Amino acid sequence: MPNHTLSDNNTTKKQRGLFWFRHDLRLHDQPALIELCEKVDEVSFIYILDETHFSPTKYGLQRMGDNRYQFLIATLADLKRSLENQGHSLTVLKGNTSECLANVLKQGHFVYLGLNKHSGFYERKHVDELAYNYPNLSIIEGEALTLFNENDLPFSVAEMPDVFSPFRRKVEKKLTPREAIGTLENFPSAFVPEFAEQDKLDVNAELDNGVSNEFKGGETAALEHLNTYLFDWHAAATYKETRNALDSWKDSTKLSPWLAVGALSPREVVRQVAKFEQQVEKNESTYWIYFELLWREFFHWLQTKYEERWFKFGGIQRAAPNTKHNPKVFVDWCNGDTGYPIIDACMKQLKATGYMSNRGRQLVASCFVHELQQDWRYGAAWFENQLLDFDVGSNWGNWLYLAGVGSDPRGHRQFNLDKQTATYDPDGAFRQKWLG
């Protein structure tokens with residue numbers, strides 16, 4: 001991935017710009033950042049940790065639990081170090097997003113604002129509010145969180161298929177992912193707005209160095225892991241056969257936490273997998289990594305299509321499931337006390353690590369909706385609280401799917417837990433590890 005050097009042939013008077021990091025906590029593959037820096041001679045960098053992440057929702061849960069918080073903090077600390085190496089700083093603010101932005105824009109007298117487009121309903125609302133409240137602010141909205149730009153798609157988002165298979169066929173027939181852009185080499189001068197100490201968050205002070213987890217937050221760790229997975233372990237060559245393992249570090253890519261916070265670009269993953277295919281091996285397993293990224297892509301665009309319905313009980317189908325919320329059953333499921341051993345092992349793994357295999361997620365969601373007959377939205381909210389790799393598209397999209405109110409053409413998809421246990425934990429090692 002070559003570095004990107006700013007063009008110096010633009011003689012137009014330049015001014016001050018602000019880059020707002022959101023779900024894109026990296027310096028590689030940042031077209032909006034590059035475009036912003038080409039237009040300004042001073043630039044500032046901010047991240048806003050919205051206070052609503054730490055207030056109970058209608059499901060009685062904070063949006064962000066401790067495991068996810070620590071992964072985010074480590075990612076921000078890594079981004080801060082990378083910017084400092086370029087002579088810049090990252091200001092992390094904590095509070096109401098709209099109020100924080102208003103404060104920054106007022107005191108900084110910014111002419112340009114750079115950010116990346118996100119498909120989430122609330123993320124899009126923030127940008128719409130900015131455009132309305134600051135008509136003189138030039139907003140540079142890049143697209144680097146997905147494989148394709150919206151205008152690349154062979155259909156409008158409003159007319160996209162609601163089911164994955166026709167989406168995949170149309171996309172694969174006509175599109176190849178956008179090329180990842182290299183890291184910017186030369187930045188404009190730094191401008192650091194002044195904030196009261198109580199409005200800022202010291203990410204280094206927030207780091208819990210006692211956290212023991214194989215997932216290390218940050219762009220540096222993300223790129224290192226991607227390289228290790230592909231070119232040291234050559235694990236991509238067997239990904240399709242091993243990806244459903246319940247508790248093995250090497251058997252699936254484990255890229256999802258870094259993709260979720262944007263420490264890793266999906267386009268860079270595709271670029272590196274293509275390099276692996278050229279240098280090592282190309283087979284069905286290497287394709288399957290791309291296939292899984294297409295699922296991620298599908299949910300990103302589908303949430304744009306359905307907006308608030310993404311979070312409704314009846315989902316995109318507008319068909320309320322025959323389930324309800326029972327507080328005790330819900331708590332038992334969260335704590336791994338359901339009495340279904342494979343489910344309880346998966347749930348204890350999630351609570352301890354902030355991670356669960358894709359197979360495990362399908363099993364616990366199926367059990368929650370079918371065996372326990374619970375309101376799927378509470379399960380989605382618990383995953384949002386717990387998962388290192390929480391992504392509003394993939395998480396809520398998969399829960400909609402398993403609850404029978406999303407994109408699954410078959411409706412309620414129920415897994416046979418005994419059969420699944422025999423297939424994926426035949427010797428009981430996974431249950432023994434997490435249940436003792």
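Is E292 buried, exposed or partly exposed? With a relative accessibility of 24%, E292 counts as partly exposed, because buried would require a value under 20%. The points below concern a predicted model and take up its charged pairs, its nonpolar cores, its cysteines, one helix and two histidines.

1. **The partner of E292.** The side chain of E292 forms a salt bridge with that of R243, with an N to O distance of 3.1 Å. This pair joins distant parts of the chain: R243 sits in the loop between α8 and α9 (256-261), E292 sits in helix α11, and their positions lie 49 residues apart in the sequence count. R243 has a relative accessible area of 18% and is therefore buried. The bridge thus has one buried partner, R243, and one partly exposed partner, E292.

2. **A second bridge to α11.** K240 and E284 also form a salt bridge, their closest N and O atoms being 3.8 Å apart. Here too the pair links distant parts of the chain, with K240 in helix α8 (residues 239-242) and E284 in helix α11, 44 residues apart. K240 is partly exposed at a relative accessible area of 25%. E284 is likewise partly exposed, at 48%.

3. **A third bridge to α11.** D162 and K305 meet through their side chains in a salt bridge of 2.7 Å, N to O. D162 belongs to the loop between β5 (138-142) and α5 (164-174), while K305 belongs to helix α11 (residues 284-306), so the bridge ties together parts that are 143 residues apart in sequence. Both are partly exposed: D162 has a relative accessibility of 28%, and K305 has a relative accessible area of 22%.

4. **Salt bridges as a whole.** Side chains of opposite charge can pair when their charged atoms come close. In this model the count of salt bridges is 21. Some residues take part in a network of such bridges, namely K117, E143 and E150.

5. **The nonpolar cores.** The largest nonpolar core has 121 residues, and F21 and W333 touch the most other members. Helix α11 supplies the largest share of this core, with twelve residues. A second, separate core has 17 residues, including L93, C100, F110 and L115.

6. **The surroundings of W333.** Which residues does W333 contact, leaving aside its neighbours within four places in sequence? They are T338, I343, M347, V364, F368, L372, G379, W382, F383 and W399. One of these contacts, L372, appears again in the point on the histidines.

7. **Cysteines.** How many disulfides does the structure hold? The number is zero. C367 is in no disulfide, and the nearest cysteine sulfur, that of C346, is 10 Å away. A disulfide needs two cysteine sulfur atoms within 2.5 Å. C367 counts as buried, with 0% relative accessibility. C37 is buried as well, its relative accessible area being 1%.

8. **Helix α10.** This helix (residues 266-279) has 14 residues, and the distance from its first C-alpha to its last is 20 Å, close to the 20 Å expected at 1.5 Å a residue. Its buried residues are P266, R267, E268, V269, V270, Q272, V273 and F276. The elements that cover these buried residues include α7 (219-232), α9 and α11. At the start of α10, a side-chain oxygen of S265 comes to within 3.1 Å of the backbone nitrogen of R267.

9. **Two histidines in loops.** H88 is located in the loop between α2 (66-84) and β3 (91-95), and H109 in the loop between α3 (97-108) and β4 (112-116). Is each of them buried or exposed? H88 counts as buried because its relative accessibility is 6%, whereas H109 counts as exposed because its value is 60%. Not counting residues up to four places away in sequence, H88 touches V43, F45, L83, F187, P188, S189 and A190. As for H109, its C-alpha atom is separated by 55 Å from that of L372, a residue 263 places away along the chain.

Technical notes
Residues are numbered from 1 along each chain as its sequence is written. This is a predicted model: local features need pLDDT of at least 70, side-chain atom pairs count only at pLDDT 80 or more; totals for chains, interfaces and linings use all residues. Side-chain values use heavy atoms; hydrogens and water are left out. Helices (H or I, at least four residues) and strands (E, at least two) are DSSP runs, numbered from the N terminus. Buried means under 20% relative accessible area, exposed over 50%, partly exposed in between (1.4 Å probe, protein chains only). A salt bridge is a side-chain nitrogen of Lys or Arg within 4 Å of a carboxyl oxygen of Asp or Glu. A nonpolar core is a set of buried Ala, Val, Leu, Ile, Met, Phe, Trp, Tyr and Cys residues joined through side-chain atoms within 4.5 Å. Contact means heavy atoms within 4.5 Å. The expected span of a helix is 1.5 Å times one less than its number of residues. A polar contact is a pair of N or O atoms within 3.5 Å; within protein, one must be able to donate a hydrogen and the other to accept it, and residues adjacent in sequence count only if both atoms are side-chain atoms.
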